[in-house]
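Please open the structure in your viewer and switch on the side chains. We will walk through its aromatic rings, one selection at a time.

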Amino acid sequence: MNKRKEKQMIYKNDLIHIKFEENEIPWFIVFTNEKKKEFSHCTQEEKMEILRCLDIIEKLMLEYYNPEKVNIASFGNYVPHVHFHIMARFKEDSFFPESMWGKKQRESNLKLPSNKEFISSLKIKLNS
């Protein structure tokens, strides 16, 4: 099973917050601040802010990491907040083409640019 580490808060406003999940791949999670179980329970303002952030993250991931694919997933039966996972995926990651929760396919052979630099750039774009 894929072991994940503690999540780092990288952005927060009145509607949502975004955390970086330390992993072999670039992985971010966009959460609502208020407890809501379903996307349809979100206000129009929350929905638009979630979509704005997913769009920014995906575009920056494509430009910065040049992944094979960007996965966006919304599921969470344990966390009482609507949240979306957004992950840059690579043919060389341990699980590709399976999900990151799937069966491990190989040992990772990734050589990615700095997540620190990506996060710095992301914070600028999210705040603009």
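This tour of a predicted model goes from ring pairs to a cluster and then to charges over rings.

**First stop: a pair of phenylalanines.** Select Phe28 and Phe118. Their rings form a tilted aromatic pair, with 5.5 Å from centre to centre and 45 degrees between the planes. Now colour by secondary structure: Phe28 belongs to strand E3 (residues 27–32) and Phe118 to helix H2 (residues 115–126), so this pair ties together parts that are 90 residues apart in sequence. Are these two rings buried or exposed? Phe28 has a relative accessibility of 0% and therefore counts as buried; Phe118, with a relative accessible area of 0%, is buried as well.

**Second stop: add Tyr65.** Keep Phe118 on screen and select Tyr65. This pair is tilted too, at 4.9 Å between the centres and with 40 degrees between the planes. Tyr65 sits in helix H1 (residues 44–65) and Phe118 in helix H2, so the pair links parts of the chain that are distant, 53 residues apart. Tyr65 is buried, like its partner Phe118.

**Third stop: widen the selection.** Which residues make up the aromatic cluster here? Add Phe20 and Tyr64 to the view: together with Phe28, Tyr65 and Phe118 they form one aromatic cluster. For the model as a whole, the count is eight aromatic pairs.

**Last stop: lysines over rings.** Select Lys19 and Phe31, where the lysine lies over the ring face at 5.8 Å from the ring centre. Then move to Lys47, which lies over the face of Phe39, at 5.6 Å from the centre of that ring.

Notes: Residues numbered from 1 in each chain as written. Predicted model: local features only at pLDDT ≥ 70, side-chain atom pairs only at ≥ 80, totals over all residues. Heavy atoms only, no water. Phe/Tyr/Trp six-rings, centres within 6.5 Å; stacked < 30°, edge-to-face > 60°. Helix = DSSP H or I, 4+ residues; strand = E, 2+ residues; numbered from the N terminus. Buried < 20%, exposed > 50% of the residue type's maximum accessible area, 1.4 Å probe, protein only. Lys NZ or Arg CZ within 6 Å of the ring centre and 35° of its normal.
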